[in-house]
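This report is written for a reader who is meeting the structure for the first time. Please keep the sequence and the model in view while reading.

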Amino acid sequence: MSSPDVELHVACAVVRRSGTILFTQRAADQSHPLLWELPGGKIEEGESVEACAVRELHEELELDIVPVGLLGPFPWRYPERRIVLHPVLADLGTRR
C-alpha cells in the first residue's frame, strides 16, 4: 500500500473505435475489486505519458494503440494514496 503523502502518476488510454470507448474490469483480488476503468498503469521514471499507455496496453491486453492526444492531467485522492491521472486519447492501430 502506498503512503497518502506519495503522489503516483498513472497513464490511462481512452481507446476509441467505431464510436465506442474501451474499458476493462479490475480483478476480484485487486484494490477496488471488479470496478470498471480505463486501461493503463504507473508511469515509469523517464517514460512519457504516451509511451506508458502504449506499453501498458500492449503488456496487459496485447493491444497496439496510436496516441493522438493528451487529456488532463487530473489529480485524485483515495484514502490510501494520491494519484495524478494522465489520460491519453488513442486509436487502435499499428505501433510506431
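In which sense do strand β1 and strand β8 pair, and over how many bridges? The model is a predicted one, and in it β1, which covers residues 7-17, and β8, which covers residues 82-92, pair in the parallel sense over ten bridges. Within this pairing, Ala 13 stands opposite Val 88 of β8.

Strand β8 also pairs with β6 and with β7, as the table sets out.

| Strand paired with β8 | Sense | Bridges | Residues opposite each other |
|---|---|---|---|
| β1 (residues 7-17) | parallel | ten bridges | Ala 13 and Val 88 |
| β6 (residues 65-70) | antiparallel | five bridges | Val 66 and Asp 91 |
| β7 (residues 74-77) | antiparallel | four bridges | Pro 75 and Val 84 |

The partners β7 and β8 form a hairpin, with four residues between them. Ahead of this hairpin, in the loop between β6 and β7, lies Pro 73, and a cis peptide bond with an omega of about 10 degrees joins Gly 72 to Pro 73.

The helix α1 takes in residues 49-61, a run of 13 residues, and reaches 18 Å from its first C-alpha to its last, close to the 18 Å expected at 1.5 Å a residue. Several of its residues are buried, including Val 49, Cys 52, Ala 53, Val 54 and Leu 57, and the charged residues Arg 55 and Glu 56 are buried in α1 as well. The buried residues of this helix pack against β1, β5 (residues 40-42), β6 and β8, so that β1, β6 and β8, which appear in the table, are met again here.Two residues other than glycine take positive phi values. Ser 18 has a phi near 50 degrees and is placed in the loop between β1 and β2 (residues 20-21), where Ser 18 is exposed, with a relative accessible area of 75%. Glu 62 comes just after α1, in the loop between α1 and β6; the phi of Glu 62 is near 55 degrees, and Glu 62 is exposed, with a relative accessible area of 70%.

Which residues form a nonpolar patch on the surface? The patch is formed by Ile 21, Phe 23 and Trp 36, which together have about 350 Å² of accessible area. Of these, Trp 36 lies in strand β4 (residues 36-37) and counts as exposed because its relative accessible area is 58%, against a cut-off of over 50%.

Methods. Residues numbered from 1 in each chain as written. Predicted model: local features only at pLDDT ≥ 70, side-chain atom pairs only at ≥ 80, totals over all residues. Heavy atoms only, no water. Pairing = 2+ DSSP bridges. Helix = DSSP H or I, 4+ residues; strand = E, 2+ residues; numbered from the N terminus. Patch = residues over 30% accessible without salt bridge, like charges linked within 9 Å, V, L, I, M, F, W, Y side chains within 5 Å. Areas by Shrake-Rupley, 256 points an atom, 1.4 Å probe, with all protein chains shown as cover. Salt bridge = Lys/Arg side-chain N within 4 Å of Asp/Glu carboxyl O. Buried < 20%, exposed > 50% of the residue type's maximum accessible area, 1.4 Å probe, protein only. Expected span 1.5 Å × (residues − 1). Contact = heavy atoms within 4.5 Å.
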